[in-house]
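Biologist: Hey, could you walk me through this one? I'd like to start with whatever sits around the ligand.

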Amino acid sequence: MSTLKAVRGTRDLLPPETGLWNFVEETARRVFARYNFWEIRTPIFEETQLFTRGVGEETDIVSKEMYTWEDRARAQSEKSQSLTLRPENTAGVVRAYIEHKLGETGLLQKLYYIGPQFRRERPQKGRYRQFYQIGAEVIGPPSAGSESPLRDAEVLEMLATLLDELGIHGWKLVLNSVGSSSDRPRYVAALREALQDKALQMCVDCQRRAETNPLRVLDCKVPEDQPIIESLPKIADYLDEDSRAHFAAVCAALDACGVKYEVNPRLVRGLDYYTRTTFEFTHGGLGAQNALLGGGRYDGLSEVIGGPKAPGIGFAMGEDRLVLTLQAQAAQHGKLADAYVAPVGEAQNAAALDLARELRRAGLQVELGDGSFRVKKSFEIGNKLARKIVLLGEDEVKSGILTVKDFAKGEQVKVARAELVTVLRQG
Ligand code: AMP
């Protein structure tokens, strides 16, 4: 008899790795709680039409990747029905929101979930058929402020905080607006037209997408297709006044709180329900599957699945990929601390202790040097123990402007004390 193994694309999570999974989940729960998000648990399978209607018939997920079966009736009173293992959880959360009339509270619902999702994708590093998502949704009637760009910015700021608290270094936030439900048809028509003669030079998937769902062409990763994709019309040119103002307000709020981002007009994401803001956080260490998480606004989703108007914004983080990133970082850096605080002379010892205390209280791992060391020696020790060194001389103590060197990048910068925690948490 052949030995039985976990099914292709699924895997067992064993100790000690499960410790890392617990750390990720506990950190997420703690950060979500600070932003007043509450947990929701929805079933792992749903009626198939929740996804065909909610996610979209023409998406890769629905057209190719779902685990769907016909569930036989067990009794006269039951009907057989088509069921699907959830490939994502936003549709399920919005279904629960509608079913339990959560909108009638008149308040925003801030819900998070942690759990497995299922997609029949080609397994590879960072891509599995059973994978785990940590996600959250902010949804409610427009009167509760659910359409406000402040919600978008708050969610993005929370994600930046969460990644920092997980100790994930070097993430990048990529942002776009895909416009409202009235902007999109105009853009899709323009894309369709532009693709008419170009699609034939593209991969077979793009040839199909050009017919069925031209927006998906922008998702194509085939290198030969990229110059053609670059030459296609840009969504930014098709946004109406409202969508433009909404996106500008999201960006302004992020600027105001110092969350860094990059606008990529090609970011459309693989699910049909997105409107206006869409985003991804990526990480260079992940290789081809470089998206740590993705999300966006879905102002029309509730209505598409038969509910009241309930605009919302949410995201799903790939927990598998968060864990992979943390493992890769640990392998790369060994047990490096975030910072080595180095007093330049003994007169700065007390100030250095005070600074180390502040950084440690902010959750950073800090090693404290000694003012009796020469600066050269401090650099040598810092380089062995920490990713960055913070120098504290007489000038630094007086001005509150510190000198920080990143050992891996070889860069030295001046940083105001108020910015130091943020800078030390970055890559
Ligand atoms: P999506 O639901 O497609 O927007 O994906 C959100 C996030 O879930 C992605 O950014 C990935 O981090 C993760 N993810 C999606 N599909 C998979 C998969 N097959 N295996 C592992 N992680 C995935």
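Modeller: Sure. A backbone N or O atom of Gly318 lies 3.3 Å from an oxygen atom of the ligand, which fits the rule for a polar contact: a pair of N or O atoms within 3.5 Å. This is a predicted model, where local features need pLDDT of at least 70, side-chain atom pairs count only at pLDDT 80 or more, and totals for chains, interfaces and linings use all residues. Residues are numbered from 1 along each chain as its sequence is written, and side-chain values use heavy atoms, with hydrogens and water left out.

Biologist: Okay. How far is the backbone N or O atom of Leu292 from an oxygen atom of the ligand?

Modeller: For Leu292 that distance is 3.1 Å. Tyr128 also has a backbone N or O atom by the ligand, 2.8 Å from a nitrogen atom.

Biologist: And which residues around the ligand come nearest?

Modeller: Arg119, Glu121, Tyr128, Arg269 and Ala291, out of 16 around the ligand. A residue counts as near if one of its heavy atoms lies within 4 Å.

Biologist: Switching to helices: at what angle do H5 and H9 cross?

Modeller: Roughly 40 degrees, with the axes of H5 (residues 149-166) and H9 (residues 241-257) coming within 8 Å. That makes H5 oblique to H9, since angles under 35 degrees count as roughly parallel, over 145 as roughly antiparallel, 65 to 115 as roughly perpendicular and the rest as oblique. Axes are lines fitted to C-alpha atoms, for helices over the stretch in contact, and angles run from 0 to 180 degrees between N-to-C directions. Helices are DSSP runs of H or I with at least four residues, and strands are E runs of at least two, numbered from the N terminus.

Biologist: What about H1 and H5, how do their axes cross?

Modeller: At roughly 145 degrees, and the axes come within 10 Å.

Biologist: Any odd backbone spots?

Modeller: Pro15 and Pro16 are joined by a cis peptide bond, with omega about 5 degrees. Pro16 sits in the segment before helix H1 (17-34). Asn36 has a phi near 65 degrees, a positive value in a residue other than glycine.

Biologist: Why flag those?

Modeller: Because most residues other than glycine have a negative phi, and most peptide bonds are trans.

Biologist: Where does Asn36 lie?

Modeller: Asn36 is in the loop between H1 and strand S1 (38-39).

Note on methods:
A polar contact is a pair of N or O atoms within 3.5 Å; within protein, one must be able to donate a hydrogen and the other to accept it, and residues adjacent in sequence count only if both atoms are side-chain atoms.
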